[in-house]
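Work through the exercises below with the sequence and the structure open. Each task is followed by a solution in steps.

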Amino acid sequence: MARSSHQFHSRFLVIILLLLSASSLVAGHRPQATPVSTANTGSASQNSLTVEPPQLEGSSISGVNFVRKTLFNTSTPINGSSLLNQPTGLTFGPDGRLYVGQFDGRIFALTVNYSTYEVTAVQVIETIYTYPTKNDDGSPAPNVVGRQLIGLVFDPASTAANPILYVSHSDIRYGFNNNATAGLIDTHSGTISRLSGPNYASATDVIIGLPRSRENHATNSIVWGPDGWLYIAQASNTNNGAPSSHFSNLPERYLTASILRAKVKDPTFPTGLNVTNVNNASDMLPYAGKFEIYATGYRNVYDLIWNSSGRLYANVNGGNDGYGDTPPSSTQCPGGVEVRPPYLADQLRIVTANSYGGHPNPARGECTLNSGDLQGLPPPPNYAPPAYLFDFRPSTNGITEYISNAFDGALQNNLIVATYGGTTSGAHPEGESVNSIALNPDGSFNSIARLAYFNQPLDVIVDSAGSIFVAEFGGDAITILKPAIVANCPPPGVSTYTVDTDQDGYTNKDEDDNGTDMCSQASSPADFDGALEAGPGNIFMLSDLNDPDDDNDGILDISDQLYFDAANGLTTQMPVAFSWNPGDAPLGRVGNTGFTGVQITNAPTRTIPSNIAVGAAGGYMNIITTSGSHVGNLNTQSNALQIGFDARRPFRIETRLTEAFLGMTPSGNQAAGLFIGTDQDNYIRLVATANRNGNGTGGTGLQFARETNGIFAANPTSNNPSLTFNSIQNLDLRLIGTPATGAISAYYRDDSAPNPDWQLIGTLTNVPFLANGLPAGIVTTNSGSSATVSFVFDYFTIEHTDIVARINAGAAAVTTNGANWSADSVADHPYSAGGSTYILSSFTCPNIQNTTADILYCSERSGGSSTNPLTYTIPVSSSGQYQVRLHFAEIYWGVNQNPPGAPGKRVFDVKMEGTTVLPNYDIIARAGASARAITETLSITVTDGALNIRLDATLPASVDQGKISAIEVWGPIIAPAIIPTATPITPTPITPTAVTPTSTTPTATTGPLDPVIWIPLMLR
């Protein structure tokens, strides 16, 4: 239940009184690992005035306290660390090293000093990274570099002298929303390979041809069973059993959505067992006793573990709202019932032989979703109910067993699980955290407790000393939670806003309000600004939940349109581009969407974070639209997500609705699309709606509407088009602003049309609110209907259209994401002089992280010596200030077979108009890794008719020369906003008093379990 406005003001008063009075007071298988970050992980935090206090059962365990430590990340001063990027799996080796698998197939073998938890050496293993990939038609795909690697586990017979590593991997590509990539993805690329020999360079494929979806479902984790078989988590191809556009229309196959097992250590097991053509039960007969389906209906199991009691536990990801239905009645599903389920909670399951986990697969004749309740069907006889439902819809993945007796055994034999997605505050705060699950003696669920928040944690393992290692996919880091003692905690009496027992910077009462652990430094609440702003002399930080001004801009959140933007849109770097694809770095801000605020309302609920889902399979943002609207005098809108930008310059705003209304019958005033304006009484919107004329006439279609001072005009241009949404897969919406004439025009594009192209609806003039810091964003409304509807957005962009030049440095002209880039090649370089070009072919260019325009970064122009300076001269139309975006990515150091990349390998100055704007610029240091895009956006005054850019080397010859990948220039900027320089501002963190490590003595030696103890427990 949302708080009432009366409660908002009451809480404000309590907080203010507490802060004013404070100065008068005295002051969680194979052993697994967990990455750790700072208290503020950049996860989605919510407006402190609009959400309920989070509730999590057993969110504190008496006597269980941890401190965080970053073990390994891209800044670790060891060669090879810069290559760490999106870690996906962890395991300890028989040689005592920690092995880290990452998304692109690279594996890192880390030598760790387990007394200090310092990495002393790293070995980078690229056997899977260089594994060839083919397209779905069998043709080679030489331009695809890397493999999606999930599972890694050592042969129990491995020794330090002869380690043997098994890995699961597949095609690295994702096919978002039936894009051009979707049809190329090798949908039988799931592979189990065995690695051995020096640098693990000897690779033997054990099983090939396992299914691979066109999204991010694949052949996932692998684990040894107590029977000596290798168990394989094989994900589904669909959302809820039926093909859908959100999963690029791929059907289920016979082996998908299952737990498989293979007797790979049997001497008679065939080498390179090819299961590509397994389509029915009879196709499995030749593999009897060697390769089997152990259990079916397990939708997307990222990780699984045989625990010490001999039970197989799995984290199962539930279906997404509206991304695909259950199978209808058909030849494979006689009597099947097609329904569109809501979000289905993730599940903890105990998997038993021949059990059915509830995910339909028509290829096996399994057509009932879970117990059948939603379809009105009887439960399947072998249906296995979940042991626990993770609250609502986070993405819970990694799982291990806590085998240490640290904390006097308080966690021993608990399951430790990593929740990758979701939110970290609000009514459902389970997202991006590591949790401990206590079990009853019969193995059933007892309770769950959050241990700490992280940055998209995927995998977890535990060493014998009780330290939890976490693979932070979003943070590019391996972090540990190390057992510690916090004396006299919890303290007697009521927790207060003036005492911080664990000295993590947050008071006991602040942590109590958030459900974090006041006795553990590793467990801290979400805090957007990370500022000292509470208690006498501001000695404490204040969580988002209790901070009335999250961004410290002096505007209370209750009145702040952009409460996660201290500059309130004045310094937003353009273009804004949100795509919400799985694997992208977390966007943070409201609901992890990237938006920095919501449209102001006088209703008590401005945001409902639990109704926002980001980055599910397919790459979308989904908003469940409950009652609320900003039309006229209603002003009850929630989740009108927005970001401020400079609207005094020509601009274009776009979004894509995928399967608008998701096959439901539009009703009432349901609507979704774009808006721009100052508040809920003054805005322009372009939406797909059930009521295009606003008066119940005209039926479904598009509404280009305007509201001025609370007066709503539904069809001011008298041209709102009629559309039937059930035939449209992708509906693109566009607003174009021309501030010089005070005009905003609306366009749409319908991919069901014979020749889809942008169609003009109309133009509104005399728009008064075009200013710097103007909010714009995405809105979904629902009034006049009792039905709840979900809307799915594929992307959102804002771009200034006063472009002067776009230059593809070092190569020919290209087009990326609709933007045209001019040539800067050897033969055609109208803007540049000096330097030389360097181009990687489609075969040798790696996947460039942090961009969807890889081709821009696979070439460069480099130079910068005193004798051969690299310069660009770009003509401009008039004197004034211009906005310049410089694109960089390191594609030599640390790429392919070149020497390792590390900070300091390439350092140079960038000058504009004779002024050094980026001194001692180090691409790897700024980007965090090789083959990772980074952009720097700056403003510069030009008075001589041309923008001049120059790259100069500044250090000895041992440091490489300057380079650039692409250049963009906009302007001139009218009364320009202050644009941040390239130098980041690092907040000064709180330095808590040291916490004494626990004196609890584990049963085994500190560090990885020795082989005798480790082998039988290495059962993930």
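Two strands count as paired if DSSP finds at least two bridges between them. The model is predicted.

**Exercise 1. The open sheet**

Task: State in which order the seven strands of the open sheet are arranged, and find which strands stand at the edges.

Solution.
Step 1. The order is S29-S32-S41-S34-S35-S36-S37, and the pairing is antiparallel.
Step 2. Strand S29 (597-598) and S37 each have a single partner strand, so they stand at the edges and one side of each is left without a neighbour in the sheet.
Step 3. For a pair inside this order, take strand S34 (residues 671-679) and strand S41 (residues 772-781): six bridges join them in the antiparallel sense.
Step 4. At the level of residues, glycine 673 has valine 779 of S41 as its bridge partner.

**Exercise 2. Disulfides of the chain**

Task: How many disulfides does a search of the whole structure find, and what pattern do they follow along the chain?

Solution.
Step 1. The cut-off for a disulfide is a pair of cysteine sulfur atoms within 2.5 Å.
Step 2. Cysteine 333 and cysteine 367 are joined, with S to S at 1.8 Å.
Step 3. Cysteine 489 is joined to cysteine 519, with S to S at 1.9 Å.
Step 4. The sulfur atoms of cysteine 845 and cysteine 858 are 1.8 Å apart, and these residues form a disulfide.
Step 5. The search finds three disulfides. Counting bonded cysteines along the chain, the pattern is 1-2, 3-4, 5-6.

**Exercise 3. Handedness and placement**

Task: For each disulfide, give the torsion about the S-S bond and say which parts of the chain the pair ties together.

Solution.
Step 1. For cysteine 333 and cysteine 367 the torsion is about -85°, so this disulfide is left-handed. Cysteine 333 sits in the loop between strand S16 (312-316) and strand S17 (347-351), and cysteine 367 in the loop between S17 and strand S18 (388-389), so the pair ties together parts 34 residues apart in sequence.
Step 2. The link of cysteine 489 and cysteine 519 is left-handed, with -85° about the S-S bond. Cysteine 489 is in the loop between strand S25 (477-485) and helix H3 (508-514), and cysteine 519 in the loop between H3 and strand S26 (532-534); the parts tied together are therefore 30 residues apart in sequence.
Step 3. The torsion for cysteine 845 and cysteine 858 is about -75°, so that disulfide is left-handed. Cysteine 845 lies in the loop between strand S47 (836-839) and helix H4 (854-857), and cysteine 858 in the loop between H4 and strand S48 (859-863), so the pair ties together parts 13 residues apart in sequence.

**Exercise 4. Buried or exposed?**

Task: Classify the cysteines of the disulfides, then asparagine 719.

Solution.
Step 1. Buried means under 20% relative accessible area, and exposed means over 50%.
Step 2. Cysteine 333 and cysteine 367 are buried.
Step 3. Cysteine 489 has 16% and cysteine 519 has 4%, so cysteine 489 is buried and so is cysteine 519.
Step 4. Cysteine 845 is buried at 4%, and cysteine 858 is buried at 10%.
Step 5. Asparagine 719 has 39% relative accessibility, so this residue counts as partly exposed.

**Exercise 5. The surroundings of asparagine 719**

Task: Where is asparagine 719 placed, and what does its side chain reach?

Solution.
Step 1. Asparagine 719 is in the loop between strand S37 (711-713) and strand S38 (730-738).
Step 2. Beyond its neighbours within four places in sequence, asparagine 719 is in contact with Leu760 and Ile761.
Step 3. The side chain of asparagine 719 reaches the backbone oxygen of isoleucine 761 at 2.7 Å.
Step 4. Glycine 762 is 43 residues from asparagine 719 along the chain, and their C-alpha atoms are separated by 6.8 Å.

Definitions and conventions: Residues are numbered from 1 along each chain as its sequence is written. This is a predicted model: local features need pLDDT of at least 70, side-chain atom pairs count only at pLDDT 80 or more; totals for chains, interfaces and linings use all residues. Side-chain values use heavy atoms; hydrogens and water are left out. Helices (H or I, at least four residues) and strands (E, at least two) are DSSP runs, numbered from the N terminus. Buried means under 20% relative accessible area, exposed over 50%, partly exposed in between (1.4 Å probe, protein chains only). Contact means heavy atoms within 4.5 Å. A polar contact is a pair of N or O atoms within 3.5 Å; within protein, one must be able to donate a hydrogen and the other to accept it, and residues adjacent in sequence count only if both atoms are side-chain atoms.
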